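User: I've got a model open and want to go through it piece by piece. Can you help me read it?

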Amino acid sequence: SMTTAVLLWPLLPQFLAIPSPDQLRAANRELEAEKGRLELTQEELRKAYAEVEERVRERTADLERANRALEAEVSARKETEESLRSSRAMLSSVLNSVPQSIFWKDGQGIYQGCNQSFARSVGLEDPEQIVGKTDFDLPWPRAEAEAYRADDREVIENRRPKPHIVEPVQAADGTRYWVDTTKVPLIDRSGQATGVLGVYED
């Protein structure tokens, strides 16, 4: 009837907008394709996550191995340092127990060490105080200091010992006495003379 037509007229566009079966099938195919793409993306994400986890495990294992190696190296270094300290203490004890005066210098005539007997003779309380000094810093007349240094240069240049040098020495208190000195070159691994070791007794 006319009344029914009038009532249905506003609803007609909505009825006409209902998709056809073909449109529904196309929409379903698009949804399936989108679902497939989403599943593929999720799978790629899972693979990427698994790769990251594997790399993290490998890196962690590498770091643990490196840490163990470092700990072993530190431990070995500590043992070496302790052994070196022990050896130095033993050497110092031996040097300080002999009555002779012992000293050693580098190639420039700078003292690198001495024993207690030598330190006392030049007025030092501790052998370590000799390090960095030269003969001109000690209580000796300059002419005698120059003679000592000349002997040092001869021993280093010739790379041969010079035994039984009878020479005067002046103690820190001004006392003078004669000593019998022997000097030998200090040779490094390459065969070069890098300094001189001296021993004397009165």
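User: Let's start with aspartate 151: in which helix does it lie?

Analyst: A quick note on the ground rules: this is a predicted model, where local features need pLDDT of at least 70, side-chain atom pairs count only at pLDDT 80 or more, and totals for chains, interfaces and linings use all residues. Residues are numbered from 1 along each chain as its sequence is written, and side-chain values use heavy atoms, with hydrogens and water left out. Helices (H or I, at least four residues) and strands (E, at least two) are DSSP runs numbered from the N terminus. On that basis, aspartate 151 lies in helix H5.

User: Is aspartate 151 buried or exposed?

Analyst: The scale here is relative accessible area with a 1.4 Å probe on protein chains only: under 20% is buried, over 50% is exposed, and partly exposed is in between. Aspartate 151 has a relative accessible area of 11%, so it counts as buried.

User: Which residues is aspartate 151 in contact with, leaving aside neighbours within four places in sequence?

Analyst: Contact means heavy atoms within 4.5 Å. H5 (residues 142-158) lies across strand S1 (101-106), S3, S4 and S5. With those sequence neighbours left aside, the partners of aspartate 151 are Lys162, Ile165, Glu167 and Lys183.

User: What is the bridge partner of lysine 162 in S4?

Analyst: Two strands pair if DSSP finds at least two bridges between them. S3 and S4 pair in the antiparallel sense over seven bridges. In S4, lysine 162 is matched with lysine 183.

User: In what order do the five strands of the open sheet come?

Analyst: The pairing in this sheet is antiparallel. S2 and strand S3 (162-170) stand at the edges with a single partner strand each, so one side of each has no neighbour in the sheet. The order is S2-S1-S5-S4-S3.

User: Over how many bridges do S4 and S5 pair?

Analyst: Strand S4 covers residues 176-187 and strand S5 covers residues 193-201. Within this pairing, threonine 182 has valine 199 in S5 as its bridge partner. The antiparallel pairing of S4 and S5 runs over eight bridges.

User: At about what angle does H5 run to S3?

Analyst: Axes are lines fitted to C-alpha atoms, for helices over the stretch in contact, and angles run from 0 to 180 degrees between N-to-C directions. By that convention, H5 runs to S3 at about 165 degrees.

User: What is the volume of the largest pocket, and which element gives the most to its lining?

Analyst: On a 1 Å grid over the protein atoms alone, a cavity is a set of points where a 1.4 Å probe fits but cannot get out, a pocket is an open set with protein on both sides within 12 Å along at least five of seven lines, and lining residues have an atom within 4 Å of a point. Grid points are joined across faces, edges and corners, and a volume is the space filled by probe spheres set on the points. The largest pocket comes to about 320 Å³, and among its 13 lining residues, those closest to the centre are Arg88, Ser92, Trp104, Cys114 and Glu128. With five residues, the element that gives the most to this lining is H3.

User: Which element gives the largest share of the lining of the largest cavity?

Analyst: The largest cavity has a volume of about 90 Å³. Closest to its centre are Phe103, Trp140, Tyr148, Glu167 and Tyr200. The largest share of the lining, three residues, comes from S4.
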